[in-house]
Amino acid sequence: ITRNVVIELAQQLDIPLHEQAFSSADLPGADEVFITGTGTLLAAVAAVDGNPIGGGRVGPITRQLCDSFVDRVRSDCGVG
């Protein structure tokens with residue numbers, strides 16, 4: 001469910017989305033990496049195997065999706 005909501009939010013925010021298989025060797029070259037999950041919700045990945053990703057900070061796309069996700073949960077739950 002979390003993944004589907006994040007995909008929906010990306011589409012609503014006109015954030016390009018492309019899913020593909022990758023290996024951990026591909027990650028250090030990424031501008032941003034995040035993971036989704038029921039318990040995690042949406043979390044930035046700052047480093048993999050000690051190698052920073054995107055300067056080791058939360059990137060603007062991840063932040064935008066995270067903020068939108070929180071807004072969506074509040075709206076759906078009637079909180080806010």
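Is cysteine 66 buried, partly exposed or exposed, and what is its relative accessibility? Cysteine 66 counts as partly exposed, at 27% relative accessibility. The points below place this residue within the predicted model.

1. Overall architecture. The chain holds two helices and four strands, arranged along the sequence in the pattern α-β-β-β-β-α. Its C-alpha trace spans about 40 × 20 × 20 Å along the principal axes. Among contacts with a separation of 6 or more, 54% join residues 24 or more positions apart.

2. Surface and charge. Of the 80 residues, 24% count as buried. The chain exposes about 5,600 Å², of which carbon and sulfur atoms supply 52%. There are 5 positive and 10 negative side chains, and the centres of these two sets lie 7 Å apart.

3. The largest nonpolar core. Eight residues form this core: Val5, Val6, Leu9, Ala10, Ile15, Leu42, Leu65 and Phe69. Helices α1 (2-12) and α2 (60-77) each supply at least two of its residues, and α1 gives the most, with four. A second, separate core has five residues, including Leu27, Val45, Val48 and Ile53. In soluble globular proteins, nonpolar side chains tend to be buried together.

4. Helix α1. The buried residues of α1 are Thr2, Val5, Val6, Ile7, Leu9 and Ala10. They pack against β1 (34-37), β2 (41-44) and α2. An α-helix has 3.6 residues a turn, so residues three or four places apart point the same way.

5. Leucine 42. Leu42 is a member of the largest nonpolar core. Leaving aside neighbours within four places in sequence, leucine 42 is in contact with Val6, Phe34, Ile35, Thr36, Thr62, Leu65 and Cys66. Of these partners, Val6 and Leu65 also belong to the largest core.

6. Serine 68. This residue lies in helix α2. Serine 68 counts as buried because its relative accessible area is 16%, and the cut-off for burial is under 20%. Neighbours within four places in sequence aside, serine 68 is in contact with Leu9 and Leu13. Leu9 is one of the buried residues of α1.

7. Cysteines. How many disulfides does the chain contain? The count comes to zero. The cysteine sulfur closest to that of cysteine 66 is in cysteine 77, and no bond is assigned to cysteine 66 because the distance is 15 Å, too far for one. The pairing is reciprocal: for cysteine 77 the closest cysteine sulfur is that of cysteine 66, again at 15 Å and too far for a bond. Cysteine 77 counts as exposed, at 55% relative accessibility, whereas cysteine 66 is partly exposed, at 27%.

8. Positive phi at aspartate 14. Most residues other than glycine have a negative phi. Aspartate 14, although not a glycine, has a positive phi of about 55°. This residue follows α1 and lies in the loop between α1 and β1. Aspartate 14 counts as exposed because its relative accessibility is 68%, and the exposed class begins over 50%.

9. Positive phi at leucine 41. Leucine 41 likewise has a positive phi, near 60°, in a residue other than glycine. Leucine 41 is found in strand β2. Its relative accessible area of 39% makes leucine 41 partly exposed, while Leu42 is part of the largest nonpolar core.

Terms used
Residues are numbered from 1 along each chain as its sequence is written. This is a predicted model: local features need pLDDT of at least 70, side-chain atom pairs count only at pLDDT 80 or more; totals for chains, interfaces and linings use all residues. Side-chain values use heavy atoms; hydrogens and water are left out. A nonpolar core is a set of buried Ala, Val, Leu, Ile, Met, Phe, Trp, Tyr and Cys residues joined through side-chain atoms within 4.5 Å. Buried means under 20% relative accessible area, exposed over 50%, partly exposed in between (1.4 Å probe, protein chains only). Contact means heavy atoms within 4.5 Å. A disulfide is a pair of cysteine sulfur atoms within 2.5 Å. Accessible areas come from the Shrake-Rupley method with a 1.4 Å probe; for residues, only the protein chains shown count as cover. Lys and Arg count as positive and Asp and Glu as negative; His and the chain ends are not counted. The place of a charge is taken as NZ of Lys, CZ of Arg, CG of Asp or CD of Glu.
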